[in-house]
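This report describes the empty spaces, strands and aromatic rings of one protein structure. Please keep the sequence and the model at hand while reading.

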Amino acid sequence: MSFDRTSGNLWVGDVGWEAWEMIHRIQKGGNYGWSIKEGPQNVRPDLKVGPTPILPPTISFPHSEAASITGGFVYRGKKYPSLVGAYICGDWMSRKFWATNFESESISKHREIAQSQHQIVSFAEDSQGELFYLDYSPNGGIYTLVPNEKANEPQPPFPTKLSETGLWSNIV
């Protein structure tokens, strides 16, 4: 969990158990539905909801996309102007990172921003609002996100025939 240094909002990553991973922007006294709901899905509709309505997650990830979400921070640094104000989080299993922007209470932009080989276990920020993440793999460490200089280079077309892959040659 983390506090947004500008708004003071508390953000929490919530690892799911059946089919969804969730991120919550916490509200005082909020009911987030455990163990009745998981993401947008009812998992125990037979249980009593509670004294207050269940609040939906701010961001939901199906297990086809993420399987062990690690909550991050709202980015307030200077290195990446396009990410300022976006909530950054990652996933231990898929090793992906996402940035989500909001207009009022609604998601205005949600995108995958990086893919890593690391097991993302936590995030941190420095005094300037720059982000770091922790890798829990056997060779773990503390890392920061950096731009992929090759991301904008033209890519060769994806092969549509086995003969175009270089894995097969006609020997007749």
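## Pockets, cavities, strands and rings

The largest pocket holds about 430 Å³ of space. The model described here is a predicted one. Lining this pocket are 19 residues, and those nearest its centre are Ile113, Ala114, Leu145, Val146 and Pro147. Strand S10, residues 106-115, contributes the most to the lining of the largest pocket, with six residues. By class, the lining of the largest pocket comprises 10 nonpolar, six polar and three charged residues.

The second largest pocket has about 180 Å³ of space. Its lining is made up of Asn9, His24, Arg25, Ile26, Gln27, Tyr32, Leu55, Pro56, Pro57, Thr58 and Glu105. Five of the residues lining the second largest pocket are nonpolar, four are polar and two are charged.

Besides these pockets, there are two cavities of 30 Å³ or more in the structure. The largest cavity contains about 50 Å³ of space, and its lining consists of Tyr75, Tyr80, Leu83, Ile88, Glu130, Leu131, Thr144 and Leu145. The second largest cavity contains about 30 Å³ and is lined by Phe123, Leu131, Phe132, Tyr133, Thr144 and Leu145. Strand S12 gives the most to the lining of the second largest cavity, with three residues.

The table sets out the two cavities by volume and lining class.

| Cavity | Volume | Lining residues by class |
|---|---|---|
| Largest cavity | about 50 Å³ | six nonpolar, one polar, one charged |
| Second largest cavity | about 30 Å³ | five nonpolar, one polar, no charged |

Strand S12 also belongs to a sheet. Three strands form an open sheet in the order S11-S12-S13, and their pairing is antiparallel. Strand S11 (120-125) and strand S13 (141-143) are at the edges with a single partner strand each, so each has one side without a neighbour in the sheet. From one strand to the next, the twist averages 25°. Three bridges connect strand S12 (residues 131-135) with S13 in the antiparallel sense. In this part of the sheet, tyrosine 133 is opposite tyrosine 143 of S13. These two tyrosines, Tyr133 and Tyr143, also take part in one aromatic cluster with Phe97 and Phe123.

Another antiparallel pair is formed by S7 and strand S8 (residues 87-91), joined by four bridges. One bridge partner in S8 is tyrosine 87, which is matched with valine 74. Is strand S7 (residues 69-74) mostly covered or mostly open? Six of the six residues of S7 are buried, and the strand is mostly covered.

How many aromatic pairs does a search of the whole structure find? The search finds nine aromatic pairs. In one of them, the ring centres of tryptophan 17 and tryptophan 34 are 6.2 Å apart and the planes are at 65°, so this pair is edge-to-face. The pair links distant parts of the chain, 17 residues apart: tryptophan 17 is in the loop between strand S2 (10-14) and strand S3 (20-25), and tryptophan 34 is in the loop between S3 and strand S4 (37-38). Tryptophan 17 has 33% relative accessibility and therefore counts as partly exposed. Tryptophan 34 has 68% relative accessibility, so this residue counts as exposed.

Note on methods
Residues are numbered from 1 along each chain as its sequence is written. This is a predicted model: local features need pLDDT of at least 70, side-chain atom pairs count only at pLDDT 80 or more; totals for chains, interfaces and linings use all residues. Side-chain values use heavy atoms; hydrogens and water are left out. Buried means under 20% relative accessible area, exposed over 50%, partly exposed in between (1.4 Å probe, protein chains only). Helices (H or I, at least four residues) and strands (E, at least two) are DSSP runs, numbered from the N terminus. Two strands pair if DSSP finds at least two bridges between them. Axes are lines fitted to C-alpha atoms, for helices over the stretch in contact, and angles run from 0 to 180 degrees between N-to-C directions. On a 1 Å grid over the protein atoms alone, a cavity is a set of points where a 1.4 Å probe fits but cannot get out, and a pocket is an open set with protein on both sides within 12 Å along at least five of seven lines; lining residues have an atom within 4 Å of a point. Grid points are joined across faces, edges and corners, and a volume is the space filled by probe spheres set on the points. Ala, Val, Leu, Ile, Met, Phe, Trp, Tyr, Cys and Pro count as nonpolar, Asp, Glu, Lys and Arg as charged, and the others, Gly among them, as polar. Rings of Phe, Tyr and Trp (its six-membered ring) pair if their centres lie within 6.5 Å; planes under 30 degrees apart count as stacked, over 60 as edge-to-face and the rest as tilted.
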